[in-house]
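Student: I would like a close look at one part of this model. Please keep it brisk and connect the details.

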Amino acid sequence: HGAEDLPTLLANGIAMLVQENDHSVGFLCVRVEQRPPTLPAWSPTRAYLRCVALLAGFSPRELVTQLMTSVVEQLANSRTAIQIIGYGSERWLAQGLKCAGFAIVDRIQFYELASLTHQTASVTSGACGARLQAAGHEHLERLAQLDSESFPPLWHYGYQDMVELLMRCRVQIAISNDALVGYSAVSANSKIEAQLARIAVLPQAQGRGIGRQLLADSIEYAASNGFTGFILNTQTGNIRSQSLYRAFGFRSVGPTIPIWSMSIAGQ
């Protein structure tokens, strides 16, 4: 985070600072999410570890534990359970989070399609399982509900997430028997590389080629708009999605990114 991010972090999060001899040696910020209505009632409220910064030479085990203990004290009176979620594979961060009570609950794997040119002909000839059309604001509430039914709470996008997705991505929805059954979102990662920001199909509509159709449409869109590369990511445990991506020529790249989680019981 740069200096321009600090006011937002301080205004919207729980920020803790450790000082020693009048010098700041550690800083940590957690932002509790405004709970989406579509998040299942049994699911804990989500919070995100937004920033951890330690002065070189100080123990991550001690400082992160000290900072997180203060955060937990702030959240201890919450009426609902809270799940704090963090991302990061740096060794010092892993040491600190582990000592503070975090555990790895999932991992993210990145995939890359190096060339879109040879894909275009093949992806446009697949069988159609649904009618695809551009998403609009009138679809946002249903998309949030669909996302809740398609992903575990850890990964769910609520209504506000959908608004942001529609603002920065090209979002296509899949309609089958007059029902919205899936969607995809593609954004520009750079001038030459597109990114699949999201793809989802209702569980009851899976196995009918709709996910393949949405992915094919996304790749074709990227190719027709001048992108030469295409990237995406998925959970390492999502075998079904990984099989689909590999069938289209994607290959895994880079190390996996661990997802850390810590739970705080509600009152």
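Student: Does Cys29 count as buried or exposed? Please take the cysteines first, then the packing of H2 with H3.

Tutor: This is a predicted model. Cys29 counts as buried, because its relative accessibility is 0%. Cys169 is also classed as buried, since its relative accessibility is 11% and the cut-off is under 20%. Next, the sulfurs. The closest cysteine sulfur to that of Cys29 belongs to Cys51, 7.0 Å away. That is too far for a bond, because a disulfide needs the sulfur atoms within 2.5 Å. The structure as a whole holds zero disulfides.

Now the helix pair. H2 covers residues 60–75 and H3 covers residues 91–100. Their axes lie 8 Å apart, and the packing angle is about 50 degrees. That angle makes H2 oblique to H3. The crossing of the two helices is right-handed. On the H2 side, the contact residues are Pro60, Arg61, Val64, Thr65 and Met68. On the H3 side, they are Trp92, Gln95, Gly96, Leu97, Cys99 and Ala100. By class, this contact has seven nonpolar, three polar and one charged residues.

Finally, the setting. The protein has eight helices and 11 strands. Of its 267 residues, 46% are buried. Among contacts with a separation of 6 or more, 70% join residues 24 or more positions apart. Along the principal axes, the C-alpha atoms fill a box of roughly 65 × 40 × 35 Å.

Conventions
Residues are numbered from 1 along each chain as its sequence is written. This is a predicted model: local features need pLDDT of at least 70, side-chain atom pairs count only at pLDDT 80 or more; totals for chains, interfaces and linings use all residues. Side-chain values use heavy atoms; hydrogens and water are left out. Axes are lines fitted to C-alpha atoms, for helices over the stretch in contact, and angles run from 0 to 180 degrees between N-to-C directions. Helices (H or I, at least four residues) and strands (E, at least two) are DSSP runs, numbered from the N terminus. Angles under 35 degrees count as roughly parallel, over 145 as roughly antiparallel, 65 to 115 as roughly perpendicular and the rest as oblique. A crossing is left-handed if the near helix is turned anticlockwise from the far one by less than a right angle, and right-handed if clockwise. Contact means heavy atoms within 4.5 Å. Ala, Val, Leu, Ile, Met, Phe, Trp, Tyr, Cys and Pro count as nonpolar, Asp, Glu, Lys and Arg as charged, and the others, Gly among them, as polar. Buried means under 20% relative accessible area, exposed over 50%, partly exposed in between (1.4 Å probe, protein chains only).
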